[in-house]
Amino acid sequence: YDKAVLLLAHRHSDASTFLSTPSAQRAPETIDIWWVSHDGALPLTIAHLLTIHEALSHCAIRVFMWIEQREAAAIGSDVASIETRVRHFLRIFRLRAKHVEVVSLARTPLGETAEARALHKEAQLNEAMVSRTTASTLLLITNLTAPSALHLAQPLTYGDVLEAACAGLPPVLFVCGCAGELHYVD
């Protein structure tokens, strides 16, 4: 797609409390970015722009780059070297991150339906996100998985994928960039 898409999923019953307390009265909070490099830098840009606003200026940014084990093997890199490259990229991008971590996910099983693979992948990612989310995580930004042909034919199944992705998490901002907003730096 040539368009960027943002979708906020807020599962809390009282949405009016989100960002209602002035930043001076808030405990330190974080904006967690779960980033996929091939999805472009839009999630990083959004996090940076959010922290410029007075209501979120007290927030630190934590970056988690997720990669499937087969992707790491394909590029011939281990998690430590990928993390070093991500830190270098963030310095060039001038994004100050309190924490940087590369999370390697197990391979998505083959032979299942596309829907089952998507749910399995989102469940894995959700487990990784829930285990790293802290009480101080105010907002989580992650990529928006593109809908498959099945999701286009049966939109409610796409809702199931998104619900699986954000179960048990603070507000989640799903971002889908067109990856054309940045030229990669090695």
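**Entry 1: Asp32**

I started at Asp32, which sits in strand S2. The model is predicted, and I kept that in mind throughout. Is Asp32 buried or exposed? Asp32 counts as buried because its relative accessibility is 0%, and the cut-off for buried is under 20%.

Next I looked up the partners of the Asp32 side chain. One polar contact, of 2.6 Å, runs to the side chain of Arg62. Another, of 3.2 Å, runs to the side chain of Thr137. I then listed what Asp32 touches, leaving out residues up to four places away in sequence. The list reads Arg62, Phe64, Arg132, Thr133, Thr137, Leu139, Leu140 and Ile141.

**Entry 2: Salt bridges**

I counted salt bridges next. How many are there? The count is three.

The Asp32 contact with Arg62 is one of them, with the closest N and O atoms 2.6 Å apart. This pair links distant parts of the chain. Asp32 is in strand S2 (residues 30-35), and Arg62 is in strand S3 (residues 60-68). They are 30 residues apart. I checked the cover on the Arg62 side too. Arg62 is buried, at a relative accessible area of 11%.

A salt bridge also joins Arg87 and Glu83, where the closest N and O atoms are 3.4 Å apart. Both residues belong to helix H3 (residues 79-93). They are four residues apart, about one turn of the helix. I noted the general rule here: an α-helix has 3.6 residues a turn, so residues three or four places apart point the same way. Arg87 is partly exposed, with a relative accessible area of 37%.

I then turned to Arg132 and Glu101, whose side chains meet in a salt bridge at 2.9 Å, N to O. This pair also links distant parts of the chain, 31 residues apart. Arg132 lies in helix H4 (residues 114-132), and Glu101 lies in strand S4 (residues 99-105). Arg132 counts as partly exposed, at 25% relative accessibility.

**Entry 3: Nonpolar cores**

I moved on to the nonpolar residues. The largest nonpolar core holds 26 residues. Which members touch the most other members? They are Ile33, Trp35, Leu44, Val63, Val86, Leu90 and Ile141. I listed the elements that give two or more residues to this core. They are S2, helix H1 (42-52), S3, H3, S4, strand S5 (137-143) and strand S6 (172-176).

There is a second, separate core of 20 residues. Its members include Trp66, Met129, Leu140 and Cys176.

I took Ile33 as a sample from the largest core. Beyond residues up to four places away in sequence, Ile33 touches Pro43, Leu44, Ala47, Ile61, Arg62, Val63, Phe64 and Ile141. Arg62, Phe64 and Ile141 also appear on the Asp32 list.

**Entry 4: Helix H1**

I looked up which residues of H1 are buried. They are Leu42, Pro43, Leu44, Ile46, Ala47 and Thr51. What do they pack against? Their partners are strand S1 (5-9), S2, S3, H3, S5 and S6.

**Entry 5: Cysteines**

I searched the whole structure for disulfides and got zero. I still checked the cover on two cysteines. Cys59 counts as buried, at 9% relative accessibility. Cys176 is buried as well, with a relative accessible area of 12%.

**Entry 6: Asp160**

I picked Asp160 as another aspartate to look up. Asp160 is in helix H6 (residues 155-166). Is Asp160 buried or partly exposed? Asp160 is partly exposed because its relative accessible area is 42%, between the 20% and 50% cut-offs. I also checked Asp160 against Leu119. The two are 41 residues apart in sequence, and their C-alpha atoms are 7.9 Å apart in space.

**Entry 7: Whole protein**

I finished with the overall figures. The protein has six helices and six strands. Along the sequence they follow the pattern β-β-α-β-α-α-β-α-β-α-α-β. Of the 186 residues, 40% count as buried. The protein exposes about 10,200 Å², and carbon and sulfur atoms supply 57% of that.

I also looked at contacts between residues at least 6 apart in sequence. Of these, 77% join residues at least 24 apart.

Terms used. Residues are numbered from 1 along each chain as its sequence is written. This is a predicted model: local features need pLDDT of at least 70, side-chain atom pairs count only at pLDDT 80 or more; totals for chains, interfaces and linings use all residues. Side-chain values use heavy atoms; hydrogens and water are left out. A salt bridge is a side-chain nitrogen of Lys or Arg within 4 Å of a carboxyl oxygen of Asp or Glu. Buried means under 20% relative accessible area, exposed over 50%, partly exposed in between (1.4 Å probe, protein chains only). A nonpolar core is a set of buried Ala, Val, Leu, Ile, Met, Phe, Trp, Tyr and Cys residues joined through side-chain atoms within 4.5 Å. Contact means heavy atoms within 4.5 Å. A disulfide is a pair of cysteine sulfur atoms within 2.5 Å. A polar contact is a pair of N or O atoms within 3.5 Å; within protein, one must be able to donate a hydrogen and the other to accept it, and residues adjacent in sequence count only if both atoms are side-chain atoms. Accessible areas come from the Shrake-Rupley method with a 1.4 Å probe; for residues, only the protein chains shown count as cover.
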